[in-house]
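The exercises below are meant to be worked through slowly, with the structure open beside the text. Try each task before reading its solution.

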Amino acid sequence: MEYIAKFIAKSGEEIIFRYPTIKDVEQLKNYINQISLEKTFILYQGEQQTLESETKWLNEKLDKILKQECVYLCAFYNNQLIGSAEITLKDKVKSHLGSFGITVDKKFRGIGIGQKLMELVLSESIKNIPSLKIIELEVFSNNPLAKKMYEKFGFKEFGCLPQGILHQGKYVDAILMYKKVK
Ligand SMILES: CC(C)(COP(=O)(O)OP(=O)(O)OC[C@H]1O[C@@H](n2cnc3c(N)ncnc32)[C@H](O)[C@@H]1OP(=O)(O)O)[C@@H](O)C(=O)NCCC(=O)NCCS
């Protein structure tokens, strides 16, 4: 299958980065369900997807990728999905804004995969989403590691919704960041 990049992680694993196809739906479902159960710094906090809901979600993403409204990259180790990152355009008066999201499988964190995914999804989005001008993201205030990584890629904080997120029973701030790309 055609891939975007190959990369050797800090601990020696060969990681392949590519766009998903409909054949990846089962892996994508299992991946998000596992990360959801971890209750980490993402929207999903235990909710589980069915094959049906994931198929609907993936078909919508694939459609947006074709229409140049989205870039979605998956990271694989030995054909196993271990990370993903996306930039998806908003609509109407915000159709020049893209929302960024990223996760890496817990067992593969801290070995450079997140940074590589980020670098690739940024360059692919600049190339493949013609109307993209600004990338936006939201990060939990109790996730300084991710915030630092975003700053390293030129994202700047532009706002904060105090107590905007209820994470593991505690209110934390939702920090808003942006990067102008065109
Ligand atoms: C945030 C996330 C995507 C980063 O991916 P990753 O593959 O772990 O990141 P990398 O290995 O590329 O490391 C990124 C930076 O964080 C640092 N880092 C990573 N793991 C670390 C750890 N356990 N302790 C301290 N620093 C760490 C790295 O050193 C690197 O910074 P540096 O270049 O200054 O050294 C990943 O940790 C993750 O999925 N976390 C849970 C979900 C999440 O937080 N998503 C983001 C929501 S906004």
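**Exercise 1. A helix and its length**

What span should the 16 residues of helix α3 (residues 113-128) have at 1.5 Å a residue, and how far apart are its end C-alpha atoms?

Solution. Keep in mind throughout that this is a predicted model. The expected span of a helix is 1.5 Å times one less than its number of residues, and for α3 this gives 22 Å. The end C-alpha atoms of α3 are 22 Å apart, which agrees with the expected value. The same check can be made on α2, whose 16 residues should span 22 Å and whose end C-alpha atoms are indeed 22 Å apart. Just after α2 comes Q68, which takes a positive phi of about 60°.

**Exercise 2. The surroundings of α3**

Find which residues of α3 are buried, and which elements they pack against.

Solution. Begin with the list of buried residues, which consists of I113, G114, K116, L117, V121, L122, E124 and S125. Next, look outward from these residues, and you will find that they pack against the strands β1 (5-8), β2 (14-18), β3 (70-77), β4 (80-89) and β5 (97-104), as well as against helix α4 (144-152). As a last step, take L117 by itself: leaving aside its neighbours within four places in sequence, L117 is in contact with F17, L73, A75, G83, A85 and I102.

**Exercise 3. The nonpolar cores**

Which residues of the largest nonpolar core touch the most other members, and which element gives the most residues to this core?

Solution. The largest nonpolar core has 22 residues, and those that touch the most other members are V71, L73, A75, I87, L117 and V121. The elements that give two or more residues to this core are β2, β3, β4, β5 and α3, and of these β3 gives the most, with 6 residues. There is also a second, separate core of 5 residues, which includes Y150, F155, I175 and M177.

**Exercise 4. Two helices that cross**

Decide how helix α1 (residues 25-38) and helix α2 (residues 51-66) are placed relative to each other, and name the residues that make their contact.

Solution. The axes of the two helices come within 9 Å and cross at roughly 110°. Angles of 65 to 115 degrees count as roughly perpendicular, and α1 and α2 are therefore roughly perpendicular to each other. On the side of α1 the contact is made by V25, E26, L28 and K29, while α2 contributes L51, E54, T55 and L58. Sorted by class, this contact has 4 nonpolar, 1 polar and 3 charged residues.

**Exercise 5. Exposure and positive phi**

Is N79 buried or exposed, and what is the class of A174?

Solution. A residue counts as exposed if 12 or fewer other C-beta atoms lie within 10 Å of its own, and as buried if there are 20 or more. With 8 such neighbours, N79 is therefore exposed; this residue is found in the loop between β3 and β4, and its phi is near 65°, a positive value in a residue other than glycine. K92, in the loop between β4 and β5, is exposed because it has 5 C-beta neighbours inside 10 Å, and K92 likewise has a positive phi, of about 50°, although it is not a glycine. A174, found in strand β8 (residues 170-180), has 17 other C-beta atoms within 10 Å and so is partly exposed.

Definitions and conventions
Residues numbered from 1 in each chain as written. Predicted model: local features only at pLDDT ≥ 70, side-chain atom pairs only at ≥ 80, totals over all residues. Helix = DSSP H or I, 4+ residues; strand = E, 2+ residues; numbered from the N terminus. Contact = placed C-beta atoms within 7 Å. Axes fitted to C-alpha atoms, helices over the stretch in contact; angles between N-to-C directions. Parallel < 35°, antiparallel > 145°, perpendicular 65-115°, else oblique. Nonpolar A, V, L, I, M, F, W, Y, C, P; charged D, E, K, R; others polar. Core = buried A, V, L, I, M, F, W, Y, C linked by C-beta atoms within 7 Å.
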